[in-house]
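Please open the structure in your viewer and keep the selection tool at hand. The stops below tell you what to select next and what you will find there.

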Amino acid sequence: MDNRALIRAFRLAASLMELHEENPFKIRAYEGTAATLERLELPVADMDRTGLPDRTGLSKTAAAKVAEMLDTGTFEELRKLLEATPPGVVEMLNIKGIGPKKIRVLWRELGVESPEQLREAAERDEVSKLKGFGKKTQDTILAALEFNQDSQGKLLYPQAEELAEDLARRLREALGTDSVAVAGKSVVASKSWKP
């Protein structure tokens with residue numbers, strides 16, 4: 001598991017805690033863990049688990065959660081939060097322009113549990129009538145939902161670059177050549193390969 005996956009997990013935990021109105025100090029602790037991990041240049045997965053607090057600047061508690069995440073793919077609090085939250089509500093946390101507090105209102109007051117239900121509620125002009133929302137927020141939500149739909153199946157450049165480099169490495173190994181390079185929209189190999 002790379003540092004980015006760890007950062008995403010701790011940010012998700014913080015957002016879910018905010019969604020469920022958990023202790024604000026705990027929320028800040030998870031956000032702080034994500035920020036500390038973001039500043040690291042070395043992969044945490046390559047570090048000795050017992051040395052994480054000293055090598056990373058994480059507290060012992062945060063380091064224990066990072067170690068648990070590296071060993072099991074999750075940590076107890078995140079697992080419990082995900083179990084208590086409908087998957088569609090978790091998905092709504094990825095909608096730009098609305099945070100956990102607004103999602104909580106949409107979920108609890110309108111019963112919205114997915115981006116699709118949110119789009120329907122916004123198109124029926126139900127979102128703008130909620131306290132703390134308005135026509136402008138509703139329009140922002142609709143635009144963000146449209147953007148998310150248009151972006152499905154697309155990758156950010158760093159994600160695509162990582163996949164391309166992984167494919168090039170695998171091809172180098174399979175073909176037994178160093179003459180494989182990532183070029184433009186594809187991976188190019190100079191040695192012919194026969195299955």
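How many aromatic pairs does a search of the whole structure find? This is a predicted model, and the search finds three aromatic pairs in it. For the first stop, select Phe10 and Phe75, whose rings form a stacked pair, with 4.7 Å from centre to centre and 15° between the planes. This pair links distant parts of the chain, since Phe10 sits in helix α1 and Phe75 in the loop between α4 (60-72) and α5 (76-83), 65 residues apart. Both Phe10 and Phe75 are buried. Now add Tyr30 to the selection, and you will have a cluster in which ring pairs link Phe10, Tyr30 and Phe75.

Next, select helix α7, residues 100-110, and colour its buried residues, which are Pro100, Ile103, Arg104, Leu106 and Trp107. If you look down the axis of α7, these buried residues fall within an arc of 165°, so they line one face of the helix. A general rule helps here: an α-helix has 3.6 residues a turn, so residues three or four places apart point the same way. Turn the view to the face of α7 that points away from its buried side, and you will find the exposed residues Lys101 and Glu109. To see what covers the buried residues of α7, show α1 (3-19), α6 (87-92) and α8 (115-123), which are included in that cover.

Follow the chain onward from the end of α7 to Gly111, the residue that follows the helix, where phi is positive, near 75°. A little further on, select Ser114, which lies in the loop between α7 and α8. Is Ser114 buried or exposed? Its relative accessibility is 13%, and because buried means under 20%, Ser114 counts as buried. Leaving aside neighbours within four places in sequence, Ser114 is in contact with Gly88 and Met92, so show those two residues as well.

For the last stop, display the largest pocket, which has a volume of about 1000 Å³. Its lining is made up of 28 residues, and those nearest the centre of the pocket are Glu91, Asn94, Ile95, Asn148 and Gln159. Helices α1, α6, α8, α9 (135-151) and α10 (157-175) each supply at least two residues of this lining, and α1 gives the most, with six residues. Colour the lining by class, and you will find 11 nonpolar, seven polar and 10 charged residues.

How values were computed:
Residues are numbered from 1 along each chain as its sequence is written. This is a predicted model: local features need pLDDT of at least 70, side-chain atom pairs count only at pLDDT 80 or more; totals for chains, interfaces and linings use all residues. Side-chain values use heavy atoms; hydrogens and water are left out. Buried means under 20% relative accessible area, exposed over 50%, partly exposed in between (1.4 Å probe, protein chains only). Helices (H or I, at least four residues) and strands (E, at least two) are DSSP runs, numbered from the N terminus. The arc is that of the directions from the helix axis to the C-beta atoms. Contact means heavy atoms within 4.5 Å. On a 1 Å grid over the protein atoms alone, a cavity is a set of points where a 1.4 Å probe fits but cannot get out, and a pocket is an open set with protein on both sides within 12 Å along at least five of seven lines; lining residues have an atom within 4 Å of a point. Grid points are joined across faces, edges and corners, and a volume is the space filled by probe spheres set on the points. Ala, Val, Leu, Ile, Met, Phe, Trp, Tyr, Cys and Pro count as nonpolar, Asp, Glu, Lys and Arg as charged, and the others, Gly among them, as polar. Rings of Phe, Tyr and Trp (its six-membered ring) pair if their centres lie within 6.5 Å; planes under 30 degrees apart count as stacked, over 60 as edge-to-face and the rest as tilted.
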